[in-house]
Amino acid sequence: MTNIHSERRTIFEIPTPASDVHIAMYKRVRLSGLQTNPEAFGSTYEREYSFPDSTWISRVNTKGRCTLMSVASVLEDNVTGTEESAIAIGTLSVLGPEMLAGLPQDPPYPQHIADEEGMGRVDVYMLVGMWVQPEYRGKGVGRMLVDRALEVVKHAKECAVGNTKKVVLLLVHDDQHDAMHLYRKAGFTEQERVDHEEKPSTWMASTVLWTVIQIPTPASEEHTALYKIIRLSALLTDPEVAASSYESESNLSDRTWSSRVNTEGRHTLVAVLVDTGSAIGTLSVHGPEMLAWLPKERPYPPSLAEDEVSGETDVYILVGMWVQPEFRGRGVGRMLVDRALKVIKEAPSVGFQDAEEYLRIKKRTALLLVNDNWRPAKRLYRKARFVEQEAMSDNDEKHPADISGDEEENDVEEDEFDADEKSELLSSRETSPSPSDDDDDEDPRLNRAAPSHFKRFALLVFLVFLFWLGYQMRRSMWEGKRKPKVIHASRYSKEHKFRPAASPIITETLKDGRVRLRGALPEPTEAPKPTVKPKKKTRTGKVSAKRKARQAKRKTSTADKRM
């Protein structure tokens, strides 16, 4: 007997060149889509079913094309034990400028986008081949595919500063209301209506305003200057986010900044505007090579330090998170965190020849330290699937994780790991091949912030309304079960002045539920029964002697009078 007790859905990019397994998986999903929903594609099942393997290989490995696959990993219990199987449930492809340059535009782009592309102001990307298995629709799989596609576009041409603006286009039929609703939620807007394959369709577009680049190693002077600008802006705007100060770091030499960016084991990320190349945020990842300089007593949870020493996990620390105030709450911070986690996943394996063997043996854990007063930041990290580990108070002037290989900057770059107030360590094990075994950790869903006073008042009003509504419903039920009281009118009303011959009795229902009968006498009552007077009881019994004497005397006197 097979028992399915867990299911996990993931999105991955088919690598280039693609393996036979990936090509077979894409072919199976593509043919399933053409067979199930042929109206959603510009091709037919019969046509693509006859394609040779070389056609499928060239399609997936085309330059400028990124093919995304959604896979459901199902964990099953059977007689032989627990087995994990992967099922492809959806697909979406991203066509970049390199591929679109050699394709005919049918139907053509919206005119204003085509003009900007011709002038070199816009790079156009297109989403095609979107399909999800029917039993998985409405469960967030389509949104995951679209979000991942937008992330691919944002990260395209990384390490380039000052890219042109990126526009993502897609064409959807007007009768696909669910798909249009999904794209609107993902930030797409309607641009132009066209007729495609004799069906009314709509061009929808999403503009990428910013992207995240990773500073290469060795970093160029342009990249070093970009990081220096955003770092000094953070210290000048929000000096409490780091233990350093604007005055101390503004006097650092160019050699110090270059040494910081090029430190082994450090990955520096910068969020930039794609049209101007201006930096709007930054985040750094310290890998195991950099953390190897730490002392034996790790500044993070003891259990995690023990796993690191025993070789069961590699620890990465996220530091220096900052976004310009005017761009906060717009997804820039989440983009930086997601990119940092992607860097950790794709970090080269150390001490292993095979990367797959490394992932099967070791886990990778991302750590960061956040002040308890920074609630928006904690909410952001929880959404990125970080969980609280332990509260701590770090009053040291310098955190070992921020020490660089250059002695000149040993007193700088403390970032988020110094706090005079109580802080909390958060960790993420997104890259681990299996769920975390730390079941004793407190669930972040149970540690939410207290609701506002307005929400409390609204809840109180809602509860009072529910009580009132229940009382009214109960009262109406009682009145419905109660017999109406009948009253008899003393005379006719103006509306019924003349009683019709066919209906001698007129019935009216009053507002209070009583029934008034017009033209009908009250129901006759039983005639009162005459009361019978009880007969006087005659006295019977012995007469006393005195009474007999009086009676005899009376009779004698009566006789004498008659005489």
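Select Arg184 first: this residue is partly exposed, with a relative accessible area of 41%. Partly exposed sits between two classes, buried being under 20% relative accessible area and exposed over 50% (1.4 Å probe, protein chains only). Add Glu190, which forms a salt bridge with Arg184, the closest N and O atoms being 2.6 Å apart. A salt bridge here is a side-chain nitrogen of Lys or Arg within 4 Å of a carboxyl oxygen of Asp or Glu. Glu190 is partly exposed as well, with a relative accessible area of 35%. Side chains of opposite charge can pair when their charged atoms come close.

Before going on, note that this is a predicted model: local features need pLDDT of at least 70, side-chain atom pairs count only at pLDDT 80 or more, and totals for chains, interfaces and linings use all residues. Residues are numbered from 1 along each chain as its sequence is written, and side-chain values use heavy atoms, with hydrogens and water left out.

**Stop: helix α13**

Select residues 332-345, which form helix α13. Helices and strands are DSSP runs numbered from the N terminus (helices H or I, at least four residues; strands E, at least two). Show the side chains of Arg334 and Asp338. They meet in a salt bridge, 3.0 Å from N to O. Their positions in helix α13 are 4 residues apart, so about one helical turn separates them. Arg334 is partly exposed at a relative accessible area of 31%. Asp338 is partly exposed too, at 26%. Salt bridges that share partners also join Glu13, Arg148 and Lys342 into one network.

Now display Glu13 and Lys342. Their side chains meet in a salt bridge of 4.0 Å, N to O. This pair links distant parts of the chain: Glu13 is in strand β1, Lys342 is in helix α13, and their positions lie 329 residues apart in sequence. Glu13 is partly exposed, with a relative accessible area of 29%. A search of the whole structure finds 15 salt bridges.

Move to Val343, also in helix α13. Is Val343 buried or exposed? Its relative accessibility is 8%, so Val343 counts as buried. Pick Gln214 next and draw a C-alpha distance to Val343. The two are separated by 9.1 Å, although they are 129 residues apart along the chain.

**Stop: loops**

Go to Pro17, in the loop between β1 (3-13) and α1 (20-36). The peptide bond from Thr16 to Pro17 is cis, with omega near 0°.

Jump to Pro218. This proline lies in the loop between β8 (210-214) and α8 (221-237). The peptide bond from Thr217 to Pro218 is cis, with omega near 0°.

Select Gly287, in the loop between β10 (279-286) and α11 (288-291). Its relative accessibility is 0%, so Gly287 counts as buried. Add Arg266: the C-alpha atoms of Gly287 and Arg266 are 6.0 Å apart, with their positions 21 residues apart in sequence.

Then select Arg385, in the loop between α15 (375-383) and β13 (387-392). What is phi of Arg385 near? It is near 70°, a positive value in a residue other than glycine. At 58% relative accessibility, Arg385 counts as exposed.

**Stop: residues 454-473**

Select 454-473. An unreviewed UniProt entry annotates these residues as "transmembrane region". UniProt positions follow the numbering used here, feature names are shortened, and annotations may be inferred rather than shown by experiment. In the model, this stretch is 100% helix and 0% strand. Its end C-alpha atoms are 29 Å apart.

Switch to a surface view. Leu459, Phe462, Leu463, Phe465, Leu466, Phe467, Trp468, Leu469 and Met473 make a nonpolar surface patch of about 940 Å². Patches are made of residues with over 30% relative accessible area and no salt bridge; like charges are joined within 9 Å, and nonpolar side chains (Val, Leu, Ile, Met, Phe, Trp, Tyr) within 5 Å. Accessible areas come from the Shrake-Rupley method with a 1.4 Å probe; for residues, only the protein chains shown count as cover.

Pick Leu469 from this patch. Leu469 belongs to helix α16 (residues 453-481). It is partly exposed, with a relative accessible area of 33%.

**Last stop: positive charge**

Select Lys546, Arg547, Arg550 and Arg554. These residues gather in a patch of positive charge on the surface. Lys and Arg count as positive and Asp and Glu as negative, while His and the chain ends are not counted. The place of a charge is taken as NZ of Lys, CZ of Arg, CG of Asp or CD of Glu. End on Arg554, in helix α17 (residues 545-562). Arg554 counts as exposed, at 51% relative accessibility.
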